[in-house]
Amino acid sequence: MDKKEQFLSGYIAIIGRPNVGKSTLLNRILGQKIAITSNKPQTTRNRILGIYNFSGGQALFVDTPGIHKAKGKLNRFMVDQAVGACADVDLIFFLVEANDIPGRGDEYILKLLEKSAAPVFLIINKIDLVKPPELLRLIQQYSERFDFAQVIPISAHKGDGVPQMLQAVEPYLPSGPQYYPDDLVTDQPEKFIVAEMVREKIMRTTSEEIPYGIGVKVDTFTEKPEKNLVVIQATIHVERDSHKKIIVGKGGQKIKSIGQSARREIERLLGTRVFLELFVRVDKDWSQSERMLRELGYSKK
Ligand SMILES: Nc1nc2c(ncn2[C@@H]2O[C@H](COP(=O)(O)OP(=O)(O)OP(=O)(O)O)[C@@H](O)[C@H]2O)c(=O)[nH]1
Ligand SMILES: [Mg+2]
């Protein structure tokens with residue numbers, strides 16, 4: 001049998017600096033939101049698998065935290081997740097922003113890629129923000145620096161270039177089994193995605209150090225099919241009393257609006273009505289505690 005007749009399957013790691021649009025791209029590929037996004041760097045903290053099925057194959061995309069100079073235990077976990085995702089994959093997407101010039105952060109990643117066995121696509125995202133001459137200059141700069149298997153400009157936000165990008169992936173996938181049933185989009189537990197949706201609303205509506213000191217955990221998740229309802233209780237862990245005050249807001253207004261927008265998104269995800277109850281708890285400097293990191297899913301098992 002030649003390769004054309006065989007089922008193709010393989011892993012593709014999506015890596016890059018923070019905020020370049022990796023999670024937006026994963027959601028665009030899947031046509032569904034499973035990874036949270038925000039205009040702040042360091043939004044994603046774990047690897048997130050997205051299962052993309054096409055006629056004759058299955059591509060498994062792995063969204064990763066942005067690679068940055070990590071200080072502190074949580075950030076080191078995040079960067080380890082990203083770097084580790086490049087091992088044993090069939091292809092790597094190195095995502096950069098069209099409206100930025102290659103910097104030290106990108107150079108650091110290119111050095112990692114030099115050691116990697118997998119072919120690398122340079123995916124230039126956010127082309128909606130630049131004019132063609134700027135894009136050409138960037139392509140030239142990167143191509144002189146590294147031998148990319150392909151260079152593909154896209155807009156994850158608008159979708160431009162994404163179908164072409166997906167087609168370009170197929171020849172790089174080996175023949176292999178169908179790893180997941182074709183109605184599954186991710187292997188992340190619903191509880192994890194729900195906690196992430198709550199965290200996203202906080203990322204998007206708070207500033208300074210607050211979004212970085214938040215951890216969310218779903219404590220209970222009770223399905224009531226007879227009522228087409230899911231009852232969820234979740235705790236927002238913060239590092240300081242002052243952060244708790246800000247998250248709760250005057251008369252509880254802030255936490256109420258976080259809860260409302262998270263609930264709407266979770267209802268869309270689960271396809272049922274949702275009752276969401278949020279608690280805020282101060283765990284002083286939780287992001288430095290091994291125990292708390294483990295509890296919130298930020299440690300290697
Ligand atoms: N204009 C424009 N904005 C984009 C595009 N793709 C992503 N963005 C925006 O870029 C910001 C960062 O997007 P994310 O998908 O969260 O980026 P990320 O690389 O996953 O970030 P981290 O998880 O922090 O590493 C968000 O505000 C997105 O809306 C694009 O194609 N065009
Ligand atoms: Mg992300």
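These are legends for several close-up views of a predicted model.

Local features here need pLDDT of at least 70 and side-chain atom pairs count only at pLDDT 80 or more, while totals for chains, interfaces and linings use all residues. Residues are numbered from 1 along each chain as its sequence is written, and chains are lettered from A and ligands numbered from 1 in the order in which they are written.

**View 1. Where domain 1 meets domain 2.** The protein chain splits into domain 1 (3-172) and domain 2 (190-295), with bounds that come from an automatic or database domain assignment. Taken over C-alpha atoms, the domain centres sit 28 Å apart. On the domain 1 side 10 residues make contact, and on the domain 2 side 12; contact here asks for C-beta atoms, placed from the backbone, within 7 Å of each other. The touching side of domain 1 holds 4 nonpolar, 4 polar and 2 charged residues. For these classes, Ala, Val, Leu, Ile, Met, Phe, Trp, Tyr, Cys and Pro count as nonpolar, Asp, Glu, Lys and Arg as charged, and the others, Gly among them, as polar.

**View 2. The shell around ligand 1.** Ligand 1 has 23 residues around it, and the closest are Gly-21, Thr-37, Thr-44, Gly-66 and His-157. A residue joins the shell if its C-beta atom, placed from the backbone, lies within 6 Å of the ligand. Sorted by class, that gives 6 nonpolar, 14 polar and 3 charged residues. Helix α1 (residues 22-30) supplies the most, with 3 residues. Helices (H or I, at least four residues) and strands (E, at least two) are DSSP runs, numbered from the N terminus.

**View 3. Helix α1 and what covers it.** Of the 9 residues in α1, 8 are buried: Lys-22, Ser-23, Thr-24, Leu-25, Leu-26, Asn-27, Arg-28 and Ile-29. Buried means 20 or more other C-beta atoms within 10 Å of the residue's own, exposed means 12 or fewer, and partly exposed is in between, with C-beta atoms placed from the backbone. The cover over these buried residues includes strands β1 (8-16), β2 (48-54), β3 (57-63), β4 (91-97) and β5 (120-125), plus helix α5 (162-169). Just past the helix, Gly-31 has a positive phi of about 65°.

**View 4. Two asparagines with positive phi.** Most residues other than glycine have a negative phi. Asn-19, in the loop between β1 and α1, goes the other way with a positive phi of about 75°. Asn-19 counts as buried because 20 C-beta neighbours lie inside 10 Å. Asn-228 has a positive phi of about 50° and sits in the loop between β7 (215-224) and β8 (229-238). Asn-228 has 10 C-beta neighbours inside 10 Å, so this one counts as exposed.

**View 5. Helix α6 against helix α8.** The axes of α6 (residues 190-205) and α8 (residues 253-270) come within 9 Å and cross at roughly 145°. Those axes are lines fitted to C-alpha atoms over the stretch in contact, and the angles run from 0 to 180 degrees between N-to-C directions. The crossing is right-handed: a crossing is left-handed if the near helix is turned anticlockwise from the far one by less than a right angle, and right-handed if clockwise. Residues making the contact include Ile-193, Met-197 and Ile-202 of α6 and Ile-258, Ala-262 and Leu-269 of α8. By class, the contact has 10 nonpolar, 2 polar and 3 charged residues.

**View 6. Two leucines, Leu-112 and Leu-135.** Leu-112 belongs to helix α3 (residues 104-114) and is partly exposed because 15 other C-beta atoms lie within 10 Å. Leaving out residues up to four places away in sequence, Leu-112 touches Val-83 and Cys-86; Val-83 is 29 residues away in sequence but 8.0 Å away in space, C-alpha to C-alpha. Leu-135, in helix α4 (residues 132-145), has 16 C-beta neighbours inside 10 Å and so counts as partly exposed. With the same sequence neighbours left out, Leu-135 touches Ala-98, Ile-124, Ile-127, Val-130 and Pro-153. Ala-98 is 37 residues from Leu-135 in sequence and 6.3 Å in space, C-alpha to C-alpha.

**View 7. Gln-288 and its contacts.** Gln-288 lies in the loop between β9 (273-282) and α9 (290-295). Gln-288 counts as exposed because 12 C-beta neighbours lie inside 10 Å. Beyond neighbours within four places in sequence, Gln-288 is in contact with Gly-72 and Lys-73.

Terms used
Contact = placed C-beta atoms within 7 Å.
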